[in-house]
Amino acid sequence: MKFPTPLVRGRLVRRYKRFLADVVLDTGEEITATCPNTGSMRGLTDQGSVVWLSVSDSKTRKYAHTWEMVEADLGQGPTLVGINTNHPNRLVAEAVAEARIPEIAGYAAARREVKYGLASRIDLLLEDPAKGLAYVEVKNVHLSRTAGLAEFPDSVTERGAKHLRELAAMVEAGHRAVMVYLIQRADAERFTFASDIDPKYAEAYTLARAAGVEAIAYTCTLTPEEITIARSVPIVAPQD
């Protein structure tokens with residue numbers, strides 16, 4: 001996924017009201033940017049952190065800048081971390097179209113945001129006359145508290161647990177269901193669940209896996225010009 005124009009650099013002053021962030025650009029200009037992330041962004045909002053922003057030329061937007069990435073360092077050097085939760089669905093859809101995720105490759109068609117379950121939309125529905133249907137849910141991951149280990153979630157997510165239950169229902173109905181954890185950082189070697197933050201989500205994951213829901217985790221390579229899905233990493237099961 002290429003950005004229309006390269007991102008601009010600045011330093012974070014503060015994140016507030018969940019959806020806003022004040023940033024001093026490298027030019028010295030202080031601006032307010034949209035923060036497209038409703039989570040806690042634990043460990044990624046320190047004052048003075050280097051951040052990267054996209055810029056829109058739309059005349060209807062209140063804030064032209066959108067916070068896209070932040071530089072984080074867990075003791076092994078800085079790495080870019082993507083915080084925009086609007087990107088993972090597109091990234092996975094692009095990778096599927098280009099057959100870059102082997103676990104869910106080979107389907108004849110793919111549709112995004114298809115209604116299913118009681119009142120939900122699946123991120124990606126794969127369809128094939130021979131393979132049948134595959135329901136693919138995508139979760140953005142950016143939390144890392146230990147070098148090399150990515151975690152999800154960074155805050156309590158009842159909605160996330162609900163998605164796992166709905167995927168399990170699709171398996172029971174005879175379809176394939178896959179949870180994709182997309183890690184918007186390149187420094188992760190493993191992925192696991194933040195059971196201390198949301199034990200109910202970890203429990204829901206365990207139950208979903210037992211019901212036949214598949215799970216995969218992929219890292220991303222990030223630059224100020226683009227984000228691409230890079231490689232798969234092993235998933236460490238939740239700890240009791």
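# A tour from helix H3 outward

Select helix H3 and its surroundings: the elements covering its buried residues include strand E9 (132–141), strand E11 (149–152), helix H2 (158–172), strand E12 (176–183), strand E13 (190–193) and strand E14 (214–222). Cover here rests on contact, meaning heavy atoms within 4.5 Å. Helices (H or I, at least four residues) and strands (E, at least two) are DSSP runs, numbered from the N terminus.

This is a predicted model, in which local features need pLDDT of at least 70 and side-chain atom pairs count only at pLDDT 80 or more, while totals for chains, interfaces and linings use all residues. Residues are numbered from 1 along each chain as its sequence is written, and side-chain values use heavy atoms, with hydrogens and water left out.

Now select H3 alone, residues 199–210. Its twelve residues reach 17 Å from the first C-alpha to the last, close to the 16 Å expected at 1.5 Å a residue (the expected span is 1.5 Å times one less than the number of residues).

Which residues of H3 are buried? They are Tyr-201, Ala-202, Ala-204, Tyr-205 and Ala-208. Look down the axis of H3: these buried residues fall within an arc of 160°, so they line one face of the helix. The arc is that of the directions from the helix axis to the C-beta atoms. Buried means under 20% relative accessible area, exposed over 50%, and partly exposed in between (1.4 Å probe, protein chains only).

Turn to the face of H3 away from its buried side, where Pro-199, Lys-200, Leu-207 and Ala-210 are exposed. Then step just past H3 to Gly-212, which takes a positive phi of about 110°.

Next, select strand E1 (residues 8–16) and strand E2 (residues 20–25). E1 and E2 run antiparallel and are joined by six bridges; two strands pair if DSSP finds at least two bridges between them. Tyr-16 has Leu-20 as its bridge partner in E2. Three residues lie between the strands of this hairpin, and Lys-17 takes a positive phi near 50°.

Add strand E4 (residues 50–55), which runs antiparallel to E1 and is joined to it by four bridges. Here Arg-11 is partnered by Val-50 of E4.

Finally, show the whole protein chain, with its three helices and 15 strands. Its C-alpha atoms fill a box of roughly 55 × 40 × 30 Å, taken along the principal axes. Of the 240 residues, 51% are buried.
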